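Please open the model in a viewer and follow the selections below in order. Each stop names what to select and then describes what is found there.

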Amino acid sequence: GINAEYGEIPENAPTSCPGPTSNNAGKLDGCAGCPNQKLCSSGEFKSDNSPAVVKEHLIGVKNKILVLSGKGGVGKSTVTAEIARGLAMQDFSVGVLDVDVCGPSLSRIMGVNGEAVHKSSSGWSPVYTLDDIAVMSIDFLLSSEEDAVIWRGAKKNGMIKEFLCSVDWGDLDYLIIDTPPGTSDEHLAIVSLFKQSKVTGAVLVTTPQEVALSDVRKELNFCRKLKIPVIGLVENMSTYTCSKCQTKSQIFPATSGGGAALAASENIPMICSLPLDPLVGRSGDNGLSVLNEAPDSGISNEYRTLVDHVVKFCQP
């Protein structure tokens, strides 16, 4: 398929292909019959100065961290929120960007749902949490939390560009970016826009079962192909401990070895294993952090390990 955001010649293109960002894209005789001709000739993928604009606009942001998975429902948004809160507890200045345009959830998890953004001469002002974390999500631009966002790729990409170019992020130590499942429009838009300013690294999130791990392997290949450094792997919902009898159970059996086996086979760091804890769900629904609600719990200890690993990775 076409990966024209990066100026790459599609695998199914003829040998005479001028490239999707060329002025002759889709217009030469050799383009006739190519399945990508209509898309290339539309001019949608011609180079613009967006990466340079993003670089200039985010000049005060030291580290850009992606939270990825490939699989939905593994807890990326919760992991994003707790990384941000853990960093803020260490007195870092932190921003969180939700680029899951069609399924935003970070505003609720961060406790700022129902808020609205305001526009000034310096751009959109992000919404700030009680612990001074800057948050931006399409949720803040909708008239109702129940509104559905039914957009095609180009419009989603345009919205992400606005988030990066028009939000007044100011000076940040970390901008944590929560992404939707997969390796599609939103992911390509982010990496394309960061072409000049570079992504610091990506945290990959999985659950123990093979159906999740197989999608995470694809996300890992995505990172390698686009040269995104991998900070490490987080296994979420690894075990459940009964509050009555303290018996541990695997709700999602690690039939192929779980996150640890994946990390070992792919030679990436296995950062931590987060237990399945009902407190996480209750805290997220109420915009609270498990790090504050249960600071001495096993899951909070694991989250602190994750945050410390991110900080160490990002140190120059």
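**First stop: a salt bridge between strands**

Select Lys62, which counts as exposed because its relative accessibility is 59%. The model on display is a predicted one. Add Asp173 to the selection: the two side chains form a salt bridge, with 3.2 Å from N to O. This pair ties together distant parts of the chain, since Lys62 belongs to strand β1 and Asp173 to strand β7, 111 residues apart. Is Asp173 buried or exposed? With a relative accessibility of 15%, Asp173 counts as buried.

**The sheet**

Extend the selection to the whole of β1 (residues 61-68) and β7 (residues 172-178), which pair in the parallel sense over six bridges. Within this pairing, Leu66 has Ile177 of β7 standing opposite.

Next, display the full sheet. In what order do its strands lie? The order is β5-β6-β2-β7-β1-β8-β9-β12, eight strands that form an open sheet with mixed pairing. At the edges are β5 (127-128) and β12 (270-273), each of which pairs on one side only.

**Helices on the sheet**

Select helix α7 (residues 210-225), which lies across β1, β8 (201-206) and β9 (230-235). The direction of α7 makes about 170 degrees with that of β8. Then select helix α8 (residues 258-266), which also packs on the sheet and touches β8, β9 and β12. Relative to β9, α8 runs at about 155 degrees.

Return to residue Glu210 and show its side chain together with that of Arg217. These two residues form a salt bridge in which the closest N and O atoms are 2.7 Å apart. Glu210 is partly exposed, at a relative accessible area of 26%, and Arg217 is likewise partly exposed, at 27%. Now select Lys71, Asp215 and Lys218, which are joined into one network by salt bridges that share partners. In total, the count for the model comes to eight salt bridges.

**Helix α3**

Move to helix α3 (residues 76-89) and place a distance label between its end C-alpha atoms. How far apart should they be? At 1.5 Å a residue, the 14 residues should span 20 Å, and the end C-alpha atoms are 20 Å apart, so the two values agree. The helix is mostly covered, with 13 of its 14 residues buried.

Among the residues of α3, select Glu82 and Arg85. Their side chains form a salt bridge, the closest N and O atoms lying 3.4 Å apart. Because the two residues are three apart in α3, about one helical turn separates them. Both Arg85 and Glu82 are buried. Beyond the helix, select Asp91, which follows α3 and has a positive phi, near 70 degrees.

**Two loop residues with positive phi**

Select Lys198, found in the loop between α6 (185-193) and β8. Lys198 is not a glycine, yet its phi is positive, at about 70 degrees. Its relative accessible area is 55%, and Lys198 is therefore exposed.

Finally, select Met237, in the loop between β9 and β10 (240-241). Which sign does the phi of Met237 have? It is positive, at about 55 degrees, although Met237 is not a glycine. Met237 is buried, with a relative accessible area of 17%, whereas Lys198 is exposed.

Note on methods. Residues are numbered from 1 along each chain as its sequence is written. This is a predicted model: local features need pLDDT of at least 70, side-chain atom pairs count only at pLDDT 80 or more; totals for chains, interfaces and linings use all residues. Side-chain values use heavy atoms; hydrogens and water are left out. Helices (H or I, at least four residues) and strands (E, at least two) are DSSP runs, numbered from the N terminus. The expected span of a helix is 1.5 Å times one less than its number of residues. Buried means under 20% relative accessible area, exposed over 50%, partly exposed in between (1.4 Å probe, protein chains only). Two strands pair if DSSP finds at least two bridges between them. Contact means heavy atoms within 4.5 Å. Axes are lines fitted to C-alpha atoms, for helices over the stretch in contact, and angles run from 0 to 180 degrees between N-to-C directions. A salt bridge is a side-chain nitrogen of Lys or Arg within 4 Å of a carboxyl oxygen of Asp or Glu.
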